[in-house]
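Open the model in your viewer and keep the selection box at hand. This tour goes stop by stop: what to select, then what is there.

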Amino acid sequence: MTRILVVDDDNAIRSAMEAYINMDGFQTASVASAEEAIEHLQTFGPVDVVITDIMMEGMSGLELTDYIRNNYDTDVIIMTGYSAEYSYEEAIRRGASDILFKPARFEEILLRLKRVLRERKLTHEREVMLAKLQELSITDELTGLYNSRHFHARIAKEAERFRRNHHPLSLLLLDIDHFKTYNDTYGHLEGDQVLMRMGDIIRNSLRSMDSAYRYGGEEFTILLPETDAEEALVVAHRIQESLLSAQFFPAGTSEPVPITVSVGITEYMEEEAVVTFIQRADMAMYCSKNNGRNQITS
Ligand code: GH3
Ligand code: MG
Ligand code: MG
Ligand code: MG
């Protein structure tokens, strides 16, 4: 239902407009002043379009436009009896979507209103689409974690933040052990199932500030702001324990197949390049591999 609010101190205009616009799919209300309009919005919630007169006792239609544009996602159409050009410019500059010069024919009012509503719908669709694209561009499809592109963006930001506040920043790098063997034995699709569940396990082990990424094929990274290596170790242990209790039953097996990870943990160091930071986590992870896998090295 499209909600419209008409604001005019002229009773006749107001009720005629309300009656005319109150058609199928439109829910129209009207008030006699800007103050009442604000009260109406606060009481009954936002509307899609406010059609307001400019010249009114008390708060003007332009001031009302400011208020609405600052507080609501509502389009404003201004009505004015003054056809001086500055009115138009002033109204648009203040964020009005259109302007009507009185006396306006109802057919024109309706056409302009419908055009504003059409643009409004397109704008919303565009916003939703952009948000979806934005989300897609940073998400790993298989695991639902962030992807490596977003990892590189975020780690650069976190390193920058470190330079300002010197709060500890930890990085965890996990690599699934002998994953090639798993794939070769049970098939790539079963391998994908493991990666998906790995995503769940990691997600469930994070605290609100942490962010997790699928860094490569079977490698994951976790960024832990405000966290030193010792606290990061707790997160790594939590993941290790969840993996231990998670049971992986690839098709055709009666016994669960254990999945383990090798983990490297490191803390960001003053002045270092981000690549150095990542390389150190990688080296720590390889230590875990060399020490027999299913290990955590920090
Ligand atoms: P290591 O313990 O040394 O890490 O052994 P590994 O077998 O895990 O290591 P390696 O790097 O030799 O192999 C990684 C394997 O991960 C190879 C590849 O088939 C698998 N892999 C990478 N991406 C995917 C994916 O998206 N899906 C599946 N199913 N497997 C993947
Ligand atoms: Mg008036
Ligand atoms: Mg690997
Ligand atoms: Mg591996």
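**Stop 1: the parallel sheet.** Start with strands β1 to β5 of this predicted model. They form an open sheet in the order β2-β1-β3-β4-β5, and the pairing is parallel. Select 26-31 and then 98-101: these are β2 and β5, the edge strands, each paired on one side only. From one strand to the next, the twist averages 20°.

Now zoom in on β1, residues 2-7. Six bridges link β1 to β2 in the parallel sense. For one of them, pick Val6: its bridge partner in β2 is Ser30.

**Stop 2: a helix across the strands.** Select residues 61-71. This is helix α3, which lies across β1, β3 (49-53) and β4 (75-80). Look along β4: α3 runs at about 180° to that strand.

**Stop 3: Asp53.** Where does Asp53 sit? The residue is in strand β3. The UniProt record, an unreviewed entry, places the feature "modified residue: 4-aspartylphosphate" here. Is Asp53 buried or exposed? Asp53 has 24 C-beta neighbours inside 10 Å, so it counts as buried. Show its contacts next. Beyond the neighbours within four places in sequence, Asp53 touches Val7, Asp8, Asp9, Gly61 and Met79.

**Stop 4: the mixed sheet.** Move on to β6 to β10. They make an open sheet of five strands, ordered β7-β8-β6-β9-β10, with mixed pairing. The edges are β7 and β10 (296-297), and each pairs on one side only. Helix α8 packs on this sheet and touches β6, β7 and β8. The direction of α8 makes about 10° with that of β8.

Go to the β10 edge. β9 and β10 run parallel and are joined by two bridges. Select Val263 and Ile296: Ile296, in β10, is the bridge partner of Val263.

**Stop 5: the largest nonpolar core.** Keep Val263 selected. Add Leu172, Ile202, Phe220, Ile222, Ala236 and Ile265. With Val263, these touch the most other members of the largest nonpolar core, which has 38 residues. Which elements each supply at least two residues of this core? Colour them as you go:

- helices α6 (148-165), α8 (188-205), α9 (229-245) and α10 (274-290)
- strands β6 (169-176), β7 (211-214), β8 (219-225) and β9 (261-267)

β6 gives the largest share, six residues. Apart from this core lies another, of 28 residues. Select some of its members: Ile4, Val49, Ile109 and Leu113 are among them.

Return to Phe220 and show its contacts. Not counting residues up to four places away in sequence, Phe220 touches Leu174, Met198, Ile202, Ala212, Tyr213, Arg214 and Tyr215.

**Stop 6: the whole chain.** Zoom out and select everything. The protein chain has ten helices and ten strands. Its radius of gyration is 30 Å, well over the 19 Å that the globule rule gives for 298 residues, so the chain is more spread out than a compact globule. Along the principal axes, the C-alpha atoms fill a box of roughly 85 × 50 × 30 Å.

Colour by burial next: buried residues make up 32% of the 298. Last, draw the contacts with a separation of 6 or more. Residues 24 or more positions apart account for 64% of them.

How values were computed. Residues numbered from 1 in each chain as written. Chains lettered and ligands numbered in written order. Predicted model: local features only at pLDDT ≥ 70, side-chain atom pairs only at ≥ 80, totals over all residues. Pairing = 2+ DSSP bridges. Helix = DSSP H or I, 4+ residues; strand = E, 2+ residues; numbered from the N terminus. Axes fitted to C-alpha atoms, helices over the stretch in contact; angles between N-to-C directions. Contact = placed C-beta atoms within 7 Å. Core = buried A, V, L, I, M, F, W, Y, C linked by C-beta atoms within 7 Å. Buried ≥ 20, exposed ≤ 12 C-beta atoms within 10 Å, placed from the backbone. Rg over C-alpha atoms; globule rule 2.2 N^0.38 Å. UniProt positions renumbered as here; feature names shortened; annotations may be inferred.
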